[in-house]
Amino acid sequence: IYALLSSQVMAADTQTELATLRGASCPQGTDPFPFSALKLNVTRAALGAESDIKAVLPAGVSFAGGWHLTTDASDFGGLSGISLMNSGDLLTVSDQGNFVVIGMNEGAPNGRGSITPLMDAKGKRLLGKTHADSEGLAVASGLAFVSFERTHRVLAYNLEDCQAAAKGIHVATLPARMNGKKIKPNGGAEGLDMTQEGLLQAGYETSSHGQASILPVALDGNVIDTPTLIDVPEGFSLVGLSGSAILLRAYDAAQGNRNIILLKDDDRAIT
């Protein structure tokens, strides 16, 4: 169930680096154990009449579905990065320092879930917002890469082999300044993605001069200091990366939540 999607075709040296990270996160002799079971209460989001929904969505866009998820578990919530697993379930990270799996059936949550805390390189639980504020998630070759705010960095977890026993192996320290501006403690790498060539891309929530930064990061920890700059409308922040898509989000009391999806391949924007 914890096998992750890994369709990338990568160079031999990248595959070696991935293998090294897998071995460090799940050393030989480690006894894997599963995530703790989590019962989820699922309520479909009510958006009103179909005609009203179509009236507010851009042409060619349809609402696939939305759900409210609740549980009695006190450490559930704050879900941020999300990725699809080979099982069809969803793997997420939370800003409370947990991996959370959301069970899916025919495109909808089925009430089945599981949860486990994120560990450090010694197999100890990450504690406190300073160290456990996990935000971005990218998966490749059985590894889950997680970006963190406050202590800006990327860790790698071999969930495929060690499941909940996976240790968080340091991949890179992310810059605390970007595009000439100091990164806010809660404005770091909200988005994380991996290219087919094996480069991580960290997307920063903090913007400068109306632009957000997407920073390339090699698996050997080398941070490439020439970020891609993305124009961000006033009030919006970059909060997600996935393949050719960039998610921007804004909120204010008058207009509520607003989202923009930028499609990098053809410069389209869906608001």
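# Sheets, ring pairs and loop residues in a predicted model

Strand S6 (residues 98–105) and strand S7 (residues 108–117) run antiparallel to one another and are joined by seven bridges, where helices (H or I, at least four residues) and strands (E, at least two) are DSSP runs numbered from the N terminus, and two strands pair if DSSP finds at least two bridges between them. The model is predicted, so local features need pLDDT of at least 70 and side-chain atom pairs count only at pLDDT 80 or more, whereas totals for chains, interfaces and linings use all residues. Residues are numbered from 1 along each chain as its sequence is written, and side-chain values use heavy atoms, with hydrogens and water left out.

## The five-stranded sheet

Within the pairing of S6 and S7, Met104 stands opposite Pro109 in S7. The hairpin that these strands form has two residues between the strands, and Glu106 takes a positive phi near 55° there. Both strands belong to an open sheet of five strands, ordered S1-S7-S6-S5-S4 and paired in the antiparallel sense. Strand S1 (36–39) and strand S4 (79–84) are at the edges with a single partner strand each, so one side of each is left without a neighbour in the sheet. From one strand to the next the twist averages 25°, with axes taken as lines fitted to C-alpha atoms (for helices over the stretch in contact) and angles running from 0 to 180 degrees between N-to-C directions.

S7 also pairs with S1, again in the antiparallel sense, over four bridges, and here Ala37 stands opposite Ser114 in S7. Because seven of the 10 residues of S7 are buried, this strand is largely enclosed by the rest of the structure; buried means under 20% relative accessible area, exposed means over 50%, and partly exposed lies in between (1.4 Å probe, protein chains only).

## The aromatic cluster

The structure holds two aromatic pairs, which are listed below. Rings of Phe, Tyr and Trp (its six-membered ring) pair if their centres lie within 6.5 Å, and planes under 30 degrees apart count as stacked, over 60 as edge-to-face and the rest as tilted.

| Ring pair | Distance of centres | Angle of planes | Class |
|---|---|---|---|
| Phe35 and Phe99 | 6.4 Å | 25° | stacked |
| Phe99 and Tyr157 | 5.1 Å | 85° | edge-to-face |

The pair of Phe35 and Phe99 links distant parts of the chain, with Phe35 in the loop between helix H1 (12–25) and S1 and Phe99 in strand S6, 64 residues apart. The pair of Phe99 and Tyr157 likewise links distant parts of the chain, since Tyr157 lies in strand S10 (residues 153–157), 58 residues from Phe99 in strand S6. Phe35 and Phe99 are both buried, and Tyr157 is buried as well. Ring pairs thus link Phe35, Phe99 and Tyr157 into a cluster.

## The four-stranded sheet

A further open sheet has four strands in the order S8-S9-S10-S11, with antiparallel pairing. S8 and S11 stand at its edges with a single partner strand each, so one side of each is left without a neighbour in the sheet. Neighbouring strands of this sheet are turned by 25° against each other on average, direction ignored. S8 and S9 pair in the antiparallel sense over six bridges, and Ala140 has Leu143 in S9 as its bridge partner. Helix H1 packs on this sheet, touching S9, S10 and S11, and its direction makes about 85° with that of S9; contact means heavy atoms within 4.5 Å.

The charged end of Arg153 sits over the ring of Phe148, 4.2 Å from its centre, a relation that requires NZ of Lys or CZ of Arg within 6 Å of the ring centre and within 35 degrees of the ring normal.

## Positive phi in loops

Most residues other than glycine have a negative phi. Ser141, in the loop between strand S8 (134–140) and strand S9 (143–148), has a positive phi of about 50° although it is not a glycine, and at 18% relative accessibility Ser141 counts as buried. Gln163, in the loop between helix H4 (159–162) and strand S11 (169–173), also has a positive phi of about 50°, and at 22% relative accessibility Gln163 counts as partly exposed.

## Asp193

Asp193 lies in strand S14 (residues 189–194) and, at 13% relative accessibility, counts as buried. Leaving aside neighbours within four places in sequence, Asp193 is in contact with residues including Ala138, Leu199 and Gly243. The side chain of Asp193 reaches the backbone nitrogen of Gly243 at 3.0 Å.

Conventions:
A polar contact is a pair of N or O atoms within 3.5 Å; within protein, one must be able to donate a hydrogen and the other to accept it, and residues adjacent in sequence count only if both atoms are side-chain atoms.
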